[in-house]
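Biologist: I am new to this structure. Please walk me through it, one question at a time.

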Amino acid sequence: MKRNIRIFLAVLLAAAIAVSASYACSLRLSEARIGAETAALALPAYRGEPSAEYNGGRPLFTREELDSIRDVRYSDLDALGRCGPAVGFLGPETLPTQPRGPIGPVKPSGWHTVRYDDRIEDRYLYNRCHLIGYQLAGGNTDPRNLITGTRSLNVAGMLPYETMVRAYIEQSGGHVLYRVTPVFQGENLVAAGVLMEAWSVEDGGHGICLCRYVFNVQPGVVIDYATGRSFADASYDVPEKPEDSPHYILNISSRKFHLPDCPAAAEIRADNRRAFFGTREEAVAQGYEPCGWCRP
Ligand SMILES: [Zn+2]
């Protein structure tokens, strides 16, 4: 009889574990929280995507943090002027009601105003990047909430998740415990990346459950994270802007014109080769014949 009860309890326990595991987002509450000391954090390798899942997508909040944090907290800057984790209990009441003001005067650690017109849309490498996005809790000009972040980190990396959290709050009226931890390696003034964690409180993580590491990188640019200096990556294939691409390639010796990708066009000697931005009719009007191979 006792044995049967033990078996019954074991089956019950297994069922309970199966049920809890079926929740998309059960927190690992025993895991140590990531604080300002992030040296031990095992960072995912950058593989060309702006961000990567971390800890199986489950945030690392402790039970104590879930139960106690009911405000928005920024870490004081450290001796090098660097930000620490920013954590917020976000809800309808934290969403900003004022239009966003300028943040130009703030100079986060490692800041440089530098542009790469040929390889960055919007040109500038660095943004003053909010840890807790402005659209979630204001905190617009607070230096404890602004890091030197690449355009990729800000727009491709963080913004989609900030927007997701904001939409959840607006639609549900509920709260999200939210933390962004900048990861500085050694004495570097520019963060290697940020860890974003979010968990919707009232529905136990069903609406929002997020743990992602966002890389503070920019394709085509090499960054010295110690200082924030940067240079163009010579091996980077700069994408040609459509308006800068010639419509045709002229051979001024043979008086033929080609489509830009014609194999014959590739063999034209440099001194006979001209890019042509006009129309087909204009090329013909200037005495050029269409190539018989590519038939422009
Ligand atoms: Zn051709």
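Biologist: Which residue in S7 does Val183 stand opposite?
Modeller: This is a predicted model, in which local features need pLDDT of at least 70, side-chain atom pairs count only at pLDDT 80 or more, and totals for chains, interfaces and linings use all residues. Residues are numbered from 1 along each chain as its sequence is written. Strands here are DSSP runs (E, at least two residues), as helices are (H or I, at least four), numbered from the N terminus. In S7, Val183 stands opposite Gly193.

Biologist: How many bridges join S6 to S7?
Modeller: Two strands pair if DSSP finds at least two bridges between them. Pro182 stands opposite Val194 in S7. S6 and S7 run antiparallel, and the bridges that join them number eight.

Biologist: How many bridges join S7 to S8?
Modeller: Glu197 stands opposite Cys211 in S8. S7 and S8 run antiparallel. The number of bridges joining them is seven.

Biologist: What is the strand order in the open sheet of six strands?
Modeller: The pairing is antiparallel. S3 and S6 pair over five bridges, with Leu177 in S6 as the bridge partner of Phe89. Three bridges join S2 to S3. The full order is S1-S8-S7-S6-S3-S2.

Biologist: Which strands stand at the edges of that sheet?
Modeller: An edge strand here has a single partner strand, so one side of it is left without a neighbour in the sheet. The strands concerned span 51-53 and 72-74. They are S1 and S2.

Biologist: Is S7 largely enclosed or exposed, and why?
Modeller: A residue is buried if 20 or more other C-beta atoms lie within 10 Å of its own, exposed if 12 or fewer, and partly exposed in between, with C-beta atoms placed from the backbone. Gly193, Leu195, Glu197 and Trp199 point one way, Val194, Met196, Ala198 and Ser200 the other, and all are buried. Eight of the eight residues of S7 are buried, so S7 is largely enclosed.

Biologist: Which helix lies across S1, S3, S6, S7 and S8?
Modeller: Angles run from 0 to 180 degrees between N-to-C directions, with axes fitted to C-alpha atoms, for helices over the stretch in contact. The helix runs at about 165 degrees to S8. Its residues are 151-172, and its name is H4.

Biologist: Which strand gives the most to the largest nonpolar core?
Modeller: A nonpolar core is a set of buried Ala, Val, Leu, Ile, Met, Phe, Trp, Tyr and Cys residues joined through C-beta atoms within 7 Å. This one has 46 residues, and Met196 is one of those that touch the most other members. The top strand gives six residues, and that strand is S8.

Biologist: What is the strand order in the open sheet of four strands?
Modeller: Its pairing is mixed. S11 and S13 pair in the antiparallel sense over four bridges, and Ala275 in S13 is the bridge partner of Ile249. The order is S13-S11-S12-S14.

Biologist: What pLDDT does the protein chain average?
Modeller: pLDDT is the predictor's confidence in each residue, from 0 to 100. Of the residues, 84% score at least 70. The chain average is 86.

Biologist: How many contacts does the stretch 13-24 have beyond near neighbours in sequence?
Modeller: Two residues are in contact if their C-beta atoms, placed from the backbone, lie within 7 Å. Over residues 13-24 the pLDDT is below 50. The contacts of this stretch in the model number four.
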